[in-house]
Amino acid sequence: MLDFDTCNTARLRRDPSFDGLFFTAVRTTGIYCRPVCPVRQPLTRNVSFYPTAAAAERAGYRPCLRCRPETAPFCPA
Ligand SMILES: [Zn+2]
């Protein structure tokens with residue numbers, strides 16, 4: 001798993017090379033996203049990162065309706 005700072009920098013840049021390498025979960029909304037998600041960036045103190053969509057779901061998060069992390073082609077879920 002990538003470290004927090006690496007994930008956080010990637011999501012703030014919406015870096016497509018990190019798409020599929022981690023998922024961003026937002027505590028305040030209960031949603032998880034891909035790094036390239038077009039929605040407004042949550043505050044760093046409200047996010048946590050998961051290596052797979054399944055891991056984020058197990059932690060109780062729901063998939064984002066904009067970036068569809070659960071249907072991404074690299075994701076077997
Ligand atoms: Zn999203």
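**Note on the zinc site, the largest pocket and selected residues**

1. Threonine 29 is partly exposed, with a relative accessible area of 44%, a value that falls between the limits of 20% for buried and 50% for exposed. The model discussed here is a predicted one. Threonine 29 belongs to the loop that runs between E1 and E2, and its C-alpha atom is 9.9 Å from that of cysteine 64, although the two residues are 35 positions apart in sequence. Cysteine 64 is itself one of the residues that coordinate the zinc ion, which leads to the metal site.

2. The zinc ion is held by four sulfur donors, the SG atoms of Cys33, Cys37, Cys64 and Cys67, at distances of 2.1 to 2.4 Å. The angles among the 4 donor atoms run from 103 to 120°, and the site is tetrahedral; the assignment follows because four donors count as tetrahedral if all angles lie between 85 and 135 degrees. Along the chain, the spacing of the donor residues reads C-x3-C-x26-C-x2-C.

3. How accessible are the donor cysteines 33, 37 and 67? Cysteine 33 has a relative accessible area of 8% and is buried, cysteine 37 is buried at 5%, and cysteine 67 is buried at 6%. Each of these assignments holds because buried means under 20% relative accessible area.

4. Cysteine 67 is found in the segment that follows strand E4 (62-63). Leaving aside residues up to four places away in sequence, cysteine 67 touches Cys33, Arg34, Cys37 and Pro38, and Cys33 and Cys37 are also among the zinc ligands. The C-alpha atoms of cysteine 67 and serine 17 lie 15 Å apart, with 50 residues of sequence separation.

5. Two arginines deserve a look at their backbone geometry. Most residues other than glycine have a negative phi, whereas arginine 14 shows a positive phi of about 50° without being a glycine. Arginine 14 sits in the loop between helix H1 (4-13) and E1, and at 32% relative accessibility it is partly exposed. Arginine 68 likewise has a positive phi of about 50° and is not a glycine; it is located in the segment after E4 and is partly exposed, at a relative accessible area of 38%.

6. Which residues come closest to the centre of the largest pocket? The largest pocket encloses about 290 Å³ of space; 17 residues line it, and Val26, Val39, Arg40, Gln41 and Pro42 are the closest to its centre. Strand E1 (23-26) and strand E2 (31-33) each contribute at least two residues to this lining. By residue class, the lining is made up of 9 nonpolar, 4 polar and 4 charged residues.

7. Threonine 9 is placed in helix H1 and counts as partly exposed, since its relative accessibility of 33% lies between the 20% and 50% limits. Its C-alpha atom is separated by 9.7 Å from that of proline 35, and the two residues are 26 places apart along the chain.

Technical notes: Residues numbered from 1 in each chain as written. Predicted model: local features only at pLDDT ≥ 70, side-chain atom pairs only at ≥ 80, totals over all residues. Heavy atoms only, no water. Donors = N, O, S within 2.8 Å, 3.2 Å for Na, K, Ca; no water. Tetrahedral: all angles 85-135°; square planar, octahedral: opposite > 155°, others 65-115°. Buried < 20%, exposed > 50% of the residue type's maximum accessible area, 1.4 Å probe, protein only. Helix = DSSP H or I, 4+ residues; strand = E, 2+ residues; numbered from the N terminus. Contact = heavy atoms within 4.5 Å. 1 Å grid on protein atoms, 1.4 Å probe; cavity = no way out; pocket = protein on both sides within 12 Å on 5 of 7 lines; lining within 4 Å. Points joined across faces, edges and corners; volume = space filled by probe spheres on them. Nonpolar A, V, L, I, M, F, W, Y, C, P; charged D, E, K, R; others polar.
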